Amino acid sequence: GKVNGILRVGGINSFTNGIALEEFTCMRAFLNIIKSDEISECEVTIYEGKFHQVKRMFQACGKEVVYLKRISMGELKLDESLKLGHYRPLTDEEINSIL
């Protein structure tokens, strides 16, 4: 994803410790900073997916998400051949991996 503003090590620590939001504290997450600049790039690994959680976690750290892309969900990886907004049925193997 991309956020407005420079990401620092303190942000990594905040994600690792769990960020308190209004109604719950997020489980620990992992923030990998790819590029730290006026628009920073990063990867975030979460273990729960509550309502707009990633955007809200960054907001709690004073950052605004400007681009967010899910690349996997559990064992399921994004099919890079799909165009934006398109989908395909899951294979039997993919279905079995989530059951």
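This passage describes the overall fold of the protein and then two of its residues, Val44 and Arg56.

The structure is a predicted model, in which local features need pLDDT of at least 70 and side-chain atom pairs count only at pLDDT 80 or more, while totals for chains, interfaces and linings use all residues. Residues are numbered from 1 along each chain as its sequence is written, and side-chain values use heavy atoms, with hydrogens and water left out.

To begin with the whole chain, the protein contains three helices and six strands; helices (H or I, at least four residues) and strands (E, at least two) are DSSP runs, numbered from the N terminus. Their order along the sequence is β-α-β-β-α-β-β-β-α. Along the principal axes, the C-alpha atoms fill a box of roughly 40 × 30 × 20 Å. Of the 99 residues, 23% are buried, where buried means under 20% relative accessible area, exposed over 50%, and partly exposed in between (1.4 Å probe, protein chains only). Contacts (heavy atoms within 4.5 Å) also link distant parts of the sequence: among those between residues at least 6 apart, 50% join residues at least 24 apart.

Next comes a look at one strand pair. Strand β2 (residues 30-35) runs antiparallel to β3, with five bridges between them; two strands pair if DSSP finds at least two bridges between them. The connection from β2 to β3 is a hairpin of three residues. Val44 belongs to strand β3, which covers residues 39-45, and Leu31 stands opposite Val44. In a regular strand, side chains alternate between the two faces of the sheet.

Is Val44 buried, exposed or partly exposed? With a relative accessible area of 26%, Val44 is partly exposed. Leaving aside residues up to four places away in sequence, Val44 touches Phe15, Phe30, Leu31 and Phe58. By contrast with these contacts, the C-alpha atom of Val44 is separated by 16 Å from that of Glu75, 31 residues apart along the chain.

The second residue, Arg56, sits in helix α2 (residues 53-60). Arg56 counts as buried because its relative accessibility is 19%. Its side chain makes a polar contact with the side chain of Glu23 at 3.0 Å. A polar contact is a pair of N or O atoms within 3.5 Å; within protein, one must be able to donate a hydrogen and the other to accept it, and residues adjacent in sequence count only if both atoms are side-chain atoms. Not counting residues up to four places away in sequence, Arg56 touches Leu21, Glu22, Glu23, Phe24 and Phe51.
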